Amino acid sequence: HTMRSHTHTHTAQQTQRTQQPSSTTSPANMHASAIEKILKGALCPPLNVPKPMLEYLASVLADFTNEELQDFETIQMMLEPTLLDAQKPGRERPHDKTSDAGVEVLCQRVFDALAKALQGVPLAPQPRPPASPP
């Protein structure tokens, strides 16, 4: 008897879950692929950020809510360590004011680009004319 009632609740949960398309879990969150494009546009050049790093940053930002994406301090806190590392491969130069200022400018560029993208909420990927290959 216990087993049957257990399976029953399980199927009930599943039916509930299938009624909602998976996209509703984060209705207005930006797609990582869209964020990756934004990051690449804002950061490369001047920085040569490797693609795996862009993908990682994009996946982290994709988990943020729109409110968080519109908070400069949140964005800066998340990007800063990675951008400082990207500026100094091998850490040959110590941390300095110039790199700090540069990173802040880059964070601002990412933030502005995200803000612009967020104005077009809902943020399902928009059909765009095919871009020429990179």
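The following exercises, with worked solutions, concern a predicted model of a protein.

**Exercise 1.** Determine how many helices and strands the protein has, and state the pattern along the sequence.

*Solution.* The count gives 6 helices and 0 strands. Reading along the sequence then yields the pattern α-α-α-α-α-α.

**Exercise 2.** Establish whether T82 is buried or exposed, and identify the residues that T82 touches.

*Solution.* The first step is to locate T82, which lies in helix α5. Next, the relative accessible area of T82 is 15%. Buried means under 20% relative accessible area, and T82 is therefore buried. Finally, when residues up to four places away in sequence are left out, T82 touches M53 and L57.

**Exercise 3.** Locate D71, classify its exposure, and name the surface patch to which D71 belongs.

*Solution.* D71 sits in the loop between α4 (66-69) and α5 (72-87). Its relative accessible area is 34%. Since partly exposed covers values between 20% and 50%, D71 is partly exposed. On the surface, D71 gathers with E67, E68 and E73 in a patch of negative charge.

**Exercise 4.** Describe the protein as a whole in terms of burial, exposed area and contacts.

*Solution.* Begin with burial: of the 134 residues of the protein, 28% count as buried. Turn next to the surface: the protein exposes about 9,600 Å², and 58% of this area is supplied by carbon and sulfur atoms. Consider lastly the contacts with a separation of 6 or more: residues 24 or more positions apart account for 63% of them.

Methods. Residues are numbered from 1 along each chain as its sequence is written. This is a predicted model: local features need pLDDT of at least 70, side-chain atom pairs count only at pLDDT 80 or more; totals for chains, interfaces and linings use all residues. Side-chain values use heavy atoms; hydrogens and water are left out. Patches are made of residues with over 30% relative accessible area and no salt bridge: like charges are joined within 9 Å, nonpolar side chains (Val, Leu, Ile, Met, Phe, Trp, Tyr) within 5 Å. Accessible areas come from the Shrake-Rupley method with a 1.4 Å probe; for residues, only the protein chains shown count as cover. A salt bridge is a side-chain nitrogen of Lys or Arg within 4 Å of a carboxyl oxygen of Asp or Glu. Lys and Arg count as positive and Asp and Glu as negative; His and the chain ends are not counted. The place of a charge is taken as NZ of Lys, CZ of Arg, CG of Asp or CD of Glu. Helices (H or I, at least four residues) and strands (E, at least two) are DSSP runs, numbered from the N terminus. Buried means under 20% relative accessible area, exposed over 50%, partly exposed in between (1.4 Å probe, protein chains only). Contact means heavy atoms within 4.5 Å.
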